[in-house]
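Grab a pencil and work through a few exercises on this structure. Try each task yourself before you read its solution.

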Protein chains: 4
Amino acid sequence: MIVVIKKDQDRKQVDNLINWIKGLGLGVHLSEGENSTIIGLIGDTSKVDIGLIRTLDIVESVTRVQEPYKNANRKFHPQDTIIDVGGHKFGGNHFQIIAGPCSVESERQIIEVAQAVKKAGATLLRGGAFKPRTSPYSFQGLGVDGLALLKKAKNETGMPIVTEIMSEEHIDDFDDVDVIQVGARNMQNFDLLNRLGKLKTPILLKRGLAATIEEWLMSAEYIMSEGNPNVILCERGIRTYETYTRNTLDLSAIPVLKERTHLPVIVDPSHATGISRLVKPLSLASVGAGSDGLIIEVHNDPIHALCDGAQSLRPEQFEDVVKSIDLMLPAVGKERDS
Amino acid sequence: MIVVIKKDQDRKQVDNLINWIKGLGLGVHLSEGENSTIIGLIGDTSKVDIGLIRTLDIVESVTRVQEPYKNANRKFHPQDTIIDVGGHKFGGNHFQIIAGPCSVESERQIIEVAQAVKKAGATLLRGGAFKPRTSPYSFQGLGVDGLALLKKAKNETGMPIVTEIMSEEHIDDFDDVDVIQVGARNMQNFDLLNRLGKLKTPILLKRGLAATIEEWLMSAEYIMSEGNPNVILCERGIRTYETYTRNTLDLSAIPVLKERTHLPVIVDPSHATGISRLVKPLSLASVGAGSDGLIIEVHNDPIHALCDGAQSLRPEQFEDVVKSIDLMLPAVGKERDS
Amino acid sequence: MIVVIKKDQDRKQVDNLINWIKGLGLGVHLSEGENSTIIGLIGDTSKVDIGLIRTLDIVESVTRVQEPYKNANRKFHPQDTIIDVGGHKFGGNHFQIIAGPCSVESERQIIEVAQAVKKAGATLLRGGAFKPRTSPYSFQGLGVDGLALLKKAKNETGMPIVTEIMSEEHIDDFDDVDVIQVGARNMQNFDLLNRLGKLKTPILLKRGLAATIEEWLMSAEYIMSEGNPNVILCERGIRTYETYTRNTLDLSAIPVLKERTHLPVIVDPSHATGISRLVKPLSLASVGAGSDGLIIEVHNDPIHALCDGAQSLRPEQFEDVVKSIDLMLPAVGKERDS
Amino acid sequence: MIVVIKKDQDRKQVDNLINWIKGLGLGVHLSEGENSTIIGLIGDTSKVDIGLIRTLDIVESVTRVQEPYKNANRKFHPQDTIIDVGGHKFGGNHFQIIAGPCSVESERQIIEVAQAVKKAGATLLRGGAFKPRTSPYSFQGLGVDGLALLKKAKNETGMPIVTEIMSEEHIDDFDDVDVIQVGARNMQNFDLLNRLGKLKTPILLKRGLAATIEEWLMSAEYIMSEGNPNVILCERGIRTYETYTRNTLDLSAIPVLKERTHLPVIVDPSHATGISRLVKPLSLASVGAGSDGLIIEVHNDPIHALCDGAQSLRPEQFEDVVKSIDLMLPAVGKERDS
């Protein structure tokens, strides 16, 4: 970490800062120039509060040289992490497709969708049992009953299941869930992350609605620092001024993450845009950007099928997306698991 | 709610949509023009999933006429809600100043700061016991011990205490807290909001980092719909592209909220900018915008006092801010409680 | 256009609004419900100032049913526009690659780069002569001398040239330019757009740094409404809170534009991110998203080659990108022109 | 400027960079640590392209210690710049109110509004003759005829006039304009800025829709570096995800600018929000934040008066705003000019 001190500052205040840094067990490399004094911090600065230093009156700027995350950092773990979920691998040259309905609604619905997406090429089944909803008056999901129905669909099809947790109070109910999803709104629910870090279950960590890449990796670090190395990152769109799409899918984040971390990264094109017609082009774009997989909403039920238009695809549309993905994967050196 | 159907759509799909709307117990007013068909929904549309309709292929646009929140809506509750905290009132023509350190660190620290801010004009004491931190390696607060120290400071000074909760698992520890704060990162932690709705303790609900005004009011609605009408909203800056300040304080939100809701609204100028030099001008700006109060960080301890610069003010600076506020309050027809 | 009037408004004010609308030559369809009055505007509403109506006190909301652009609108021109530049076609199933250096620096530089990128697969040559720079102290380009050098490179290689105009005062100097680029900062320089609309030269219209898709199409409409139908849109990243990349490339905009307009759409991955390592994955992502081409920075000169790192690729890296693009194009039904 | 080199980089590439820096006439201070090499640039770095260095593969980070603007920098000009417009002063402890209609429409309209706002306390008259409009089909202003009407209103009332320029081709028509406004969309129209720098007329430079504070100051620097020191900055809202207000007024920018530059700073609350009901609270908030003045839309004509609701105030509402401002000014040590 490099701290640049403003010109002509009270020497005593600079010394106070240096002593405080030394008190944290760090070394100091001082370079005094004509226009500014530069303090280099030597040692493990990951615990130093950069925000505190930045706001000091004598400080011009602070630059972190070392990233504040370790477990998630590719520098200390150059090889891709490969996460195995029931024989299906995330990371490396593997490409996985997770598919299923937005919400679990009935035994028949979830089993039929599971069979349809499996046939079309999906390897894992998604479905919401606990649903985070902006309005307290909206349907909040079937809860534990939804988890039971997912388990039935898993037994029926052999597909591992992926579903969202909203509170650490439900953690025992997620014993049989193969991948536990943390939604965008809970990306910085640190108590929940800490608790998930004590499990070994793979965690699908969605990016917060306005999270920077670094904040997202720090949330992965929360889970990993507690002992769970199995984190799959999921880009799902960020909030910008553009309102035509619900969110702006940030595909630049994929190659950036591939440089900075060894963790697998997938994309959710359904929630990013909220428009089913955009799912295919953005799925193909995700392949091009280097994604390790996709999580796609597929429905078969009459309510959502109402007018062929919600963010979910019908099974035959999903099948068409998978076929196009297969045409593209060789260009990025990946293979779809099936 | 008004749904505009695209030109030349399959009549059967339009009928499907109309029947689905009727199935929700709503009336339908149909207006068929040359270029578009318009469906007006009649009845209580607060439970209708606007997102689902918007994404249908046959739909051009959906406009909500009725706001999706009721308990928080000024239309159904024209008078300002006044929330009394230990004799100090939020709302109406009252103006409250909450002050205290970022984190509770020791008995001596919290009592000394409490005495100093009380003398300068603060009526409630803030202080963090559970601290949400981006990094798992940063200091996470003293937890329940911090709550005990806050209680000591309350006994010593008579000031009601305001402190943040991070998980519904700690709710019993907050029995003696006078105002429970929900931080920006937890604004859409719906399980937590639901639980707080079952209390009567006033809730200080901070705006999420990228929350719209409507989403914020919907989070207030979560608390209120469970039975707790005592919600104080707190603007604390939103995330934008501008990086000179940590966040962009959205003071337009104050008069907008005053129109839309009857709940009290206060401002946190310390966290919004992260720069103590900006606390005074933004406190005065908040008064001008019509805020019902402020929550300001004040410190007296040597570590933060290091170089007079963190986002916290020293007690004498805080006193100067209060004096300037007093000069401005008559222009907005408010009176500071003391 | 649909105007929803608030409940219980002064009837006289509503009548004023209706008369004002009729005064614009529009018909009115009135629907009075229990909770709101709805005014439907009938006729060509593209000239109606939606902003003015929206801000009226009696108005709850205004929804535009008809898009405010006509010439650019796919509804009135369902087939893809194909723009031919010296035999190279933009639009339809064609895929073009424009390449060249950031700035024209010398005859040798521009000719060498032109030859290299042509060999690797580029069909048009880009190069900046007039450079928009944030700082008045930065190099502003060679100006008309740069244009002359581009012309030499064109003569040498047969490649049509693409270069940026910054002011309508230079328009005569651009006589021999094959595609005139309008940069992001000038997307709403309406006097410039009007002037370019009087030419027939194809215009490469970059998206403004914070422009919505609709504003961008309205700027195309400025050019088209003056008589120049040859507009190529170019996505180049938008400004968001994320600072790791210089801008956030909005690839969702590609399929959205493909629905709304018949104009060709290309992507600039070099400026979007400012990081050359990201050019390849984002080029492939652009192909997946359905782009009609790319504009890529390539250099061969020692200053930029300094450490192999600026946003420009070296010729051999560019060649590698083109090869991967070729592997992907069949999946989206496009063919690279060569 | 401080450049941090990544660990274990090719020494030759580092030397290339050092030689390139020296070639720019700068000195180099090298500090080689165990984990990183740090290069300090010594001398005038305002012409160094920080973007180029940042994107080099060997570079970890670049930090500018010295601001890239000089003429606008308070460090080199500690006293407030006071700009005199026809005897009315901007800057220091002065507070000016500019008012007038959105567009000049007729002689009667502009003279009546001018008289009304003068009586209420405005000292300068605003009015649009050239109007930047998103749509080519919207009213574009009366152009030079509008300028003539403004001049008549000036002769009638003695008020200096403020109006927007959209192209350097009109510059001769602006000879008698007292303050030339550069709109948000043209903040980075560098050819226009250069030309305005050759005048002595005060320039009202509005902030670009998505401009950072630094970019805004760099645009002021364009004007000042050409010889015109009379720049008044005007905050008018930035584009964010929040859509309830048209833009988000960034009042934190006021005290930040007051630290960084000696130029006067005013606020436009009318365009920032687009809602006349918000003009009063945001005007008062601007006073609290330390603004040197306001520019407010006021109308008297029947079309805009339609339903009392556009972003313009009626004269009597404007008068009420001025009265409240007068109550607040003493708290910030300013005096309204009249």
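What follows is a set of exercises with worked solutions, and the model they use is a predicted one.

**Exercise 1. Getting to know chain A**

Work out how many helices and strands chain A has, and what share of its residues is buried.

*Solution.* Step 1: go along the chain and count, and you get 11 helices and 15 strands in chain A. Step 2: look at burial, where a residue counts as buried if 20 or more other C-beta atoms lie within 10 Å of its own. Buried residues make up 58% of the 338 residues in chain A. Step 3: check the overall dimensions, which for the C-alpha trace of chain A are about 75 × 45 × 40 Å along the principal axes. Step 4: split the chain up. The domain assignment of chain A gives domain 1 (2-63) and domain 2 (74-336), and the C-alpha centres of these two domains of chain A are 42 Å apart. Step 5: of the contacts in chain A with a separation of 6 or more, 66% join residues 24 or more positions apart.

**Exercise 2. Two residues to classify**

Decide for A:Gln115 and for B:Phe130: buried or partly exposed?

*Solution.* Step 1: find A:Gln115, which sits in helix H3 (residues 107-120) of chain A. With 17 other C-beta atoms within 10 Å, A:Gln115 is partly exposed. Its C-alpha atom is separated by 9.3 Å from that of A:Met159, although the two are 44 residues apart along the chain.

Step 2: move to B:Phe130, in the loop between strand S8 (124-126) and helix H4 (144-157) of chain B. B:Phe130 has 24 other C-beta atoms within 10 Å, so it is buried. Step 3: list its contacts, leaving aside neighbours within four places in sequence. They are B:Gly141, B:Gly143, B:Glu164, B:Ile165, B:Met166 and B:His170. Step 4: for another distance, take B:Phe130 and B:Ser36, 94 residues apart along the chain, whose C-alpha atoms are separated by 55 Å.

**Exercise 3. A helix under the ruler**

Check whether the span of helix H3 (residues 107-120) of chain D agrees with its number of residues, then find what its buried side packs against.

*Solution.* Step 1: use 1.5 Å a residue, remembering that the count to multiply is one less than the number of residues. For the 14 residues of H3(D) that gives an expected 20 Å, and the end C-alpha atoms are 20 Å apart, so the two agree. Step 2: pick out the buried residues of H3(D), namely D:Gln109, D:Ile110, D:Val113, D:Ala114, D:Ala116, D:Val117 and D:Ala120. Here's a handy bit of background: an α-helix has 3.6 residues a turn, so residues three or four places apart point the same way. Step 3: the buried residues of H3(D) pack against strand S7 (94-100), strand S8 (124-126), helix H4 (144-157) and helix H11 (315-328) of chain D. Step 4: see what comes after H3(D), and you meet D:Gly121, with a positive phi near 130°.

**Exercise 4. A strand inside**

Find out how many residues of strand S9 (residues 161-165) of chain D are buried, and how S9(D) pairs with S8(D).

*Solution.* Step 1: five of the five residues of S9(D) are buried, so the strand is largely enclosed by the rest of the structure. Step 2: S8(D) and S9(D) run parallel in their pairing, over two bridges. Step 3: for one bridge, start at D:Arg126 and its partner in S9(D) is D:Val162.

**Exercise 5. How the copies meet**

Compare the contact of chain B with chain A to the contact of chain B with chain C: how many residues come from each chain?

*Solution.* Step 1: chain B gives 48 residues and chain A gives 47. On the side of chain B that touches chain A, H6(B) gives the most, with five residues. That side holds 20 nonpolar, 17 polar and 11 charged residues.

Step 2: in the contact with chain C, chain B and chain C supply 18 residues each. The side of chain B that touches chain C has six nonpolar, 10 polar and two charged residues.

Step 3: test the symmetry. Chain B superposes on chain C by a rotation of 180° with 0.0 Å of shift along the axis (RMSD 0.0 Å). That is the relation of a two-fold axis, and in chain B the C-alpha nearest this axis belongs to B:Tyr241, at 2.1 Å.

Notes
Residues numbered from 1 in each chain as written. Chains lettered and ligands numbered in written order. Predicted model: local features only at pLDDT ≥ 70, side-chain atom pairs only at ≥ 80, totals over all residues. Contact = placed C-beta atoms within 7 Å. Nonpolar A, V, L, I, M, F, W, Y, C, P; charged D, E, K, R; others polar. Least-squares fit on C-alpha atoms with pLDDT ≥ 70 in both. Helix = DSSP H or I, 4+ residues; strand = E, 2+ residues; numbered from the N terminus. Buried ≥ 20, exposed ≤ 12 C-beta atoms within 10 Å, placed from the backbone. Domains from an automatic or database assignment. Pairing = 2+ DSSP bridges.
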